[in-house]
Amino acid sequence: MEKTKLLRTVGKNIAIQRLIKDISQKELAKRCEKRAGMLSNIEKGNGNPTVLTLLDIVIGLGID
């Protein structure tokens, strides 16, 4: 899978899970101790999050 496509897919899935949980980007950022702008970039596929950042997001979303 192409890197750009992978980053977009990851970002889209984070955004979907966030919307399902009815959590704003600002609230998720607070839960993850990250900046809302960084989460926005990740959701757009423009960020390149580390595995630890992804783990923080998963924990913040309360998903596996």
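1. Is R31 buried, partly exposed or exposed? In this predicted model, R31 counts as partly exposed, since its relative accessibility is 45%, and the cut-offs place a residue in that class when its value falls between 20% and 50%. R31 belongs to helix α2, and this residue is taken up again below, after the overall fold.

2. The protein chain has four helices and zero strands, and the order of its elements from the N terminus is α-α-α-α. Its radius of gyration is 11 Å, close to the 11 Å that the globule rule gives for 64 residues, so the chain is as compact as a globular protein of that length. Along the principal axes, the C-alpha atoms occupy a box of roughly 30 × 20 × 20 Å.

3. Of the 64 residues, 31% count as buried, while the accessible surface of the chain amounts to about 4,500 Å², with 53% of that area belonging to carbon and sulfur atoms. Among contacts with a sequence separation of 6 or more, 61% are made by residues 24 or more positions apart.

4. Helix α3, which spans residues 36-44, has L39, S40, I42 and E43 as buried residues. These residues lie on the same side of α3, because they cover an arc of only 165 degrees around its axis. The partners against which the buried residues of α3 pack are α1 (3-20), α2 (25-32) and α4 (51-61). After α3 comes G45, a residue with a positive phi, near 85 degrees.

5. How many salt bridges does the model contain? The count comes to three. In one of them, E43 pairs with R18, and the closest N and O atoms are 2.7 Å apart. E43 lies in helix α3 and R18 in helix α1, so this pair ties together parts of the chain that are 25 residues apart in sequence. A reader may wish to note that E43 is buried, at 13% relative accessibility, and that R18 is buried as well, with a relative accessible area of 10%.

6. A salt bridge within helix α2 brings the discussion back to R31, whose side chain meets that of E27 with an N to O distance of 3.1 Å. E27 and R31 are four residues apart in α2, which means that about one helical turn separates them. In general, an α-helix has 3.6 residues a turn, so residues three or four places apart point the same way. E27 is partly exposed, with a relative accessible area of 30%.

7. R31 also has neighbours that are distant in sequence: when residues up to four places away are not counted, R31 touches I23 and G60. R31 and G60 are separated by 29 residues in sequence, yet their C-alpha atoms are 5.2 Å apart in space.

8. A further salt bridge joins D56 and K34, with the closest N and O atoms 3.1 Å apart. D56 is in helix α4 and K34 in the loop between α2 and α3, so the pair ties together parts that are 22 residues apart in sequence. D56 counts as partly exposed at 26% relative accessibility, and K34 is likewise partly exposed, with a relative accessible area of 24%.

9. Finally, the surface carries a nonpolar patch formed by L52, L55 and I59, which together have about 320 Å² of accessible area. L55 is located in helix α4 and counts as partly exposed, at 43% relative accessibility.

Methods: Residues numbered from 1 in each chain as written. Predicted model: local features only at pLDDT ≥ 70, side-chain atom pairs only at ≥ 80, totals over all residues. Heavy atoms only, no water. Buried < 20%, exposed > 50% of the residue type's maximum accessible area, 1.4 Å probe, protein only. Helix = DSSP H or I, 4+ residues; strand = E, 2+ residues; numbered from the N terminus. Arc of directions from axis to C-beta. Contact = heavy atoms within 4.5 Å. Patch = residues over 30% accessible without salt bridge, like charges linked within 9 Å, V, L, I, M, F, W, Y side chains within 5 Å. Areas by Shrake-Rupley, 256 points an atom, 1.4 Å probe, with all protein chains shown as cover. Salt bridge = Lys/Arg side-chain N within 4 Å of Asp/Glu carboxyl O. Rg over C-alpha atoms; globule rule 2.2 N^0.38 Å.
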